[in-house]
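Work through these short exercises with the model open. Each task comes with a stepwise solution.

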Amino acid sequence: MTTKMAIGAKANAKSSSAFFHSQDIFRNQHRLIRFIEQSIRLCSNQSLKAAQQQQQQQQQLNKTQLDADFSISKSLNSEHWNAVPEPVEHDPDVGQQFYGNQLMVRLASPQQLQPKPDRDEDLIFGKQFTDHMLKIYYHKSLGGWQRPEITPLENLVMHPAAKVLHYAVELFEGMKAYRGVDGKIRIFRPNMNMNRMNLAAKRSGLPTFEGKEFIKCLSRLISIDSEWVPHTQAASLYIRPTLIGIDPTLGVASSDSALLYAILSPVGSYFKSDSTGAVSLLADPSYTRAWPGGVGNRKMGSNYAPTINVQKKADAKGLQQVLWLYGENHDLTEVGTMNIFMFFINDKGEKELITPPLNGLILPGITRDSILALARQWGQFKVTEGTFNMPRVCELLNQGRLLELFGTGTACLVSPINRIHYMNQDLYIPTMEQEKPVHETIRTALTDIQYGKVPHPWAVVIE
Ligand SMILES: *Cc1c(COP(=O)(O)O)cnc(C)c1O
């Protein structure tokens, strides 16, 4: 006990000094190692300095070159259709924000550049990535958000105690860049992704940020890797913004260090369907994706790991996706990672499009929101946000009143459903047998906007 106290006292007394007497050093191996480490750091700092200066000059050069031909189209500031991100209520102690005009760029060298895919039709979702990525660090101890940087796509280095690795302190987004029929590249309602991201950040104890500034950084990344935006309408460039907690501490607490980054991946259609283009579903009421008071309404990584084994069960039965049910009544909530829509003839004999309400169990999909807005504008059938369950689906099917069932999301856009395996029964859904299917009308309306066939404030041009 006395020895411990003595060492403790000596350590305190010495802690203000950077150097140790050799006697002290040999008494304590830890200190020796620290001393050597400090010396190495000192040496390498000096030799690195010249290289760093050179790199900074290069970055400045890259930056001015890119600033000249970079701007976001005015439609971002358009006032209608909710085109600007909602103001974020930052925690008072979040610290400084980052800005798009602070962006530093380190381009990949010619030998680092990857070959672009030949055939858009062969792309597998999320397997190939572009040459660059966007990174923005947050360190509370350094005042908050740091300068955004674009770098070659590279591995991340983090402490093995980083919170993201233990408590899934992680959230993400899914967006796309589309090459329009006029050759311009567009992103779709990016403000909605930013709002959703900040809500998830709050719920996860991660720092919030200005969505508008992140969109500026993202747009620059896309313009740098613009040759990766596929040239056909069968494909697009998937954008994966991600925010992770990287504090090297094991406490379950909010993150004082975080990394906001984005990677890009050229994608074709999201998943395999059968020859008709429709998918079949496993509806097993013994599994739940989300629950009241939970985070089913946030795109947080922790929501997705527990779905993988259920998806495997569906695969084993030859079914393509999982239909997520909730509660005693077997309410339909979502399908795979998509929102669900049903088109049917209601009790009054009217055609009606229905999707579950945003009651906390449902991811507030941007595709969902867009479909609701368009369908309400069309005024051709009733549009409802309301709960519906499996007994109701069976009843409507038996009476020939269920017309279409489909999933919606950025990755797949609209995915028609033709079969549900439920309680050892196969329910055949006539989605593909309609003469003028609503899901096709919706798909066309959305792609016309995304690929710039019709001008619309939802489509933001990147220049
Ligand atoms: C991403 C996602 C959706 C679709 O949202 P979009 O904004 O339309 O892409 C739906 N459900 C879940 C569970 C999701 O993760």
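Helices are DSSP runs of H or I with at least four residues, strands are E runs of at least two, and both are numbered from the N terminus. The model is predicted: local features need pLDDT of at least 70, side-chain atom pairs count only at pLDDT 80 or more, and totals for chains, interfaces and linings use all residues. Residue numbers start from 1 along each chain as its sequence is written.

**Exercise 1.** Place G211 and decide: buried or exposed?

Step 1. G211 lies in helix α6.
Step 2. Apply the cut-offs: 20 or more other C-beta atoms within 10 Å means buried, 12 or fewer exposed, in between partly exposed, with C-beta atoms placed from the backbone.
Step 3. G211 has 22 other C-beta atoms within 10 Å, so G211 is buried.
Step 4. Look along the chain: R196 is 15 residues apart from G211, and their C-alpha atoms are separated by 9.8 Å.

**Exercise 2.** Which residues make the contact of α5 and α6?

Step 1. Find α5 (residues 190-203) and α6 (residues 211-224).
Step 2. Use the contact rule: C-beta atoms, placed from the backbone, within 7 Å.
Step 3. From α5 come P190, N191, M194, N195 and N198; from α6 come G211, F214 and I215.

**Exercise 3.** Which residues come nearest the ligand?

Step 1. A residue is near if its C-beta atom, placed from the backbone, lies within 6 Å.
Step 2. Of the 13 residues around the ligand, L363, G365, T367, G409 and T410 come nearest.
Step 3. Helix α8 (366-378) and strand β13 (338-345) each supply at least two shell residues.
Step 4. α8 gives the most, with three.

How values were computed:
Axes fitted to C-alpha atoms, helices over the stretch in contact; angles between N-to-C directions. Contact = placed C-beta atoms within 7 Å.
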